[in-house]
Amino acid sequence: MVGKIIGTGSYIPEKYLDNNDLAQIIETSDKWIRERTGIIRRHVVETETTVSMAAAAADNALQNSGIHADEVELILLCTVSSDVILPSAACEVQQRIGAVNATAFDLNAACAGFVFAYVMAQGYIAAKIYRTILIIGSESLSKLVDWKDRGTCILFGDGAGAAVIRAAAGQRYLPVTGSDGESGLSLTLKSRFWQEDAAARSYIGMDGQAIFKFAVKKVPQAIRGVLKKNRINPRTIDWFILHQANQRIIDAVIKRLGISEDKFPSNVAEYGNTSSASIPILLDEMVQKGLLEKGQKIVLAGFGAGLSWGAVVLKW
Ligand code: UT7
């Protein structure tokens, strides 16, 4: 028994800020941002919230999978930027979409979140605990960045993506996942409830070069590791869907793996880094474009704060 993705969905806020818009508020340029990151614009919430985007992406995924909300048994919502803590964002989504039979909870694994949720979903399905699981990544990172910090605010964007996973006959693949709490201080966000000054806001803090080095080393290792573990020849993989952090990271991973760049789709230019939402948004975009064919083998790889990383193989 394996969990198969039977439908995907996404939600992107209409409003966006392009690099020239940012150059109006911080000392930067379109050229600098494009060269260092590949990002051209990022979409940002207006009236939307992390919960509302998650619910919209979930509705969309349910519609595309052809199942009714009451068939969902578990909702795993990955986010680091929820507008609510109690109740969980997942419970709010459950209520909004009418998934009355689902258990629901949130998962924080930052940019590795969607891959970790996918691994959890496979575990629940293998253990026959749940058969139909909705996994969602939703982020409003524009609310967490310091718009005066040019080193971080240029990178992040908002949006949500979702996938419905259902038990089916088929081969199970083992994942590769890991965390390194020792290096955790290179990407941080303090809870504002614990600030000494109650009025002080906290923002995403990042050692960009440390994250860059971590990603270009760990991601190829995780991908090679997951292929070796499952005895799969890298050449037989049709798509490598990476967390969309930065085009330079994706390019460095392609170079290290020595695999054709055509197999590494990217939409970071349009959305920036949407953390846990980036993989399901890209997956849904590929489905909408008709790029995914039955039987194709796909690698998903996520990485980020924690530091945490993970790679999985799946058959479409
Ligand atoms: O999900 C994981 C999330 N994180 C990431 O993916 C981040 C990974 N890291 C990176 O992508 C890169 O480290 C950055 C794009 C964030 C920065 O690029 P960098 O080549 O590592 O630049 P840097 O931090 O070494 O800064 C070089 C210079 C500095 O100026 P000085 O000290 O040389 O005068 C910065 O102040 O670039 C300056 N700088 C900027 N200039 C124009 C930093 N941000 C900007 C900016 N526009 N937005």
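**Exercise 1. The ligand**

Which polar side-chain atom lies 2.6 Å from an oxygen atom of the ligand, and to which residue does it belong: what does Gln-209 contribute? Work through the ligand's surroundings.

*Solution.* Before starting, note that this is a predicted model in which local features need pLDDT of at least 70, side-chain atom pairs count only at pLDDT 80 or more, and totals for chains, interfaces and linings use all residues. Residues are numbered from 1 along each chain as its sequence is written, and side-chain values use heavy atoms, with hydrogens and water left out.

Step 1: 20 residues surround the ligand, where being near requires a heavy atom within 4 Å. The closest are Thr-28, Arg-36, Gly-208, Gln-209 and Asn-246.

Step 2: look for polar contacts (pairs of N or O atoms within 3.5 Å). Gln-209 places a polar side-chain atom 2.6 Å from a ligand oxygen. The side chain of Arg-36 also has an N or O atom 2.6 Å from an oxygen atom of the ligand. For His-243, the corresponding separation is 3.2 Å.

**Exercise 2. Helices α6 and α7**

Describe how α6 and α7 are arranged, and list the residues that meet.

*Solution.* Two packed helices are described by the angle between their axes and the distance between the axes.

Step 1: α6 covers residues 208-229 and α7 covers residues 247-257; helices here are DSSP runs (H or I, at least four residues). Their axes, lines fitted to C-alpha atoms over the stretch in contact, with angles from 0 to 180 degrees between N-to-C directions, come within 9 Å and cross at roughly 45°.

Step 2: α6 and α7 are therefore oblique to each other, as the angle is not under 35 degrees, over 145 or in the range 65 to 115. Their crossing is right-handed, with the near helix turned clockwise from the far one by less than a right angle.

Step 3: contact means heavy atoms within 4.5 Å. On the α6 side, Phe-212, Ala-215, Val-216, Lys-217, Val-219, Pro-220, Ile-223 and Arg-224 take part. Their partners in α7 are Arg-248, Ile-249, Ala-252, Val-253, Arg-256 and Leu-257. These residues comprise 10 nonpolar, no polar and four charged.

**Exercise 3. Unusual backbone spots**

Which peptide bonds are cis, and where does Ala-110 sit?

*Solution.* Most residues other than glycine have a negative phi, and most peptide bonds are trans.

Step 1: the bond from Leu-86 to Pro-87 is cis, with omega near -10°. Pro-87 belongs to the loop between β4 (74-78) and α4; strands are DSSP runs of E, at least two residues.

Step 2: Gly-306 and Leu-307 are joined by a cis bond with omega about -10°. Leu-307 is in the loop between β12 (297-304) and β13 (308-315).

Step 3: Ala-110, although not a glycine, has a positive phi of about 50°. Ala-110 lies in the loop between β5 (103-107) and α5 (113-126).

Methods. Nonpolar A, V, L, I, M, F, W, Y, C, P; charged D, E, K, R; others polar. Polar contact = N/O pair within 3.5 Å; in protein donor to acceptor, adjacent residues only side chain to side chain.
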